[in-house]
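The following paragraphs go through the aromatic contacts of a protein chain and the strands that carry them. Please keep the sequence and the model in view while reading.

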Amino acid sequence: MSRVLGGVGGRVGEEVQVERGPLGPAQFWRGQSRYVVGELLDSWVETALWWQRGPEVAGGASADLVSTREVWRVEAVRAGRSRMSFAGVFDLSWESTANRWSLVRVHD
């Protein structure tokens, strides 16, 4: 089971601070809590939903149609806790057009 996190202004996700390593997120901060990534489980690229219209860009294409976000599914543990008993699975996304990292899903 997973929870999709709601954001401000209709955006999906909760804004987080991320330190990126050579392969993806290495650690992230959710509020005052720091989470250390133990394993990168998967990564993919998503495009915006085609039926949600956005402002037009040069050439008549919707900015939403050409924007993408990178998503990483990671196993992480809150700093100072044992990975064996307290690890969780999180989906983190990077939106380069907004220069923003978001925690978009927590898997139970």
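How many aromatic pairs does a search of the whole structure find? The model is a predicted one, and the search returns five such pairs. One of them joins Phe28 and Phe90, whose ring centres are 5.4 Å apart with 70° between the planes, an edge-to-face arrangement. Phe28 belongs to strand β4 (residues 25-30) and Phe90 to strand β7 (residues 88-95), so the contact links distant parts of the chain, 62 residues apart. Both of these phenylalanines are buried.

The tryptophan pair has another geometry. Between the rings of Trp72 and Trp101 the centre distance is 5.3 Å and the planes meet at 35°; because this angle is neither under 30 degrees nor over 60, the pair counts as tilted. Trp72 sits in strand β6 (residues 68-78) and Trp101 in strand β8 (residues 100-107), so this pair ties together parts that are 29 residues apart in sequence. Trp72 has a relative accessible area of 4% and is buried. Trp101, at 10% relative accessibility, also counts as buried, because the cut-off is under 20%.

Back at Phe28, ring pairs link this residue with Tyr35 and Phe90 into a cluster. The strand that holds Phe28 has a partner as well: β4 runs antiparallel to strand β3 (residues 17-20), and four bridges join the two. Across from Phe28 in β4 stands Val18. The hairpin of β3 and β4 has four residues between the strands, and in this hairpin Gly24 takes a positive phi near 150°.

Definitions and conventions
Residues numbered from 1 in each chain as written. Predicted model: local features only at pLDDT ≥ 70, side-chain atom pairs only at ≥ 80, totals over all residues. Heavy atoms only, no water. Phe/Tyr/Trp six-rings, centres within 6.5 Å; stacked < 30°, edge-to-face > 60°. Buried < 20%, exposed > 50% of the residue type's maximum accessible area, 1.4 Å probe, protein only. Pairing = 2+ DSSP bridges.
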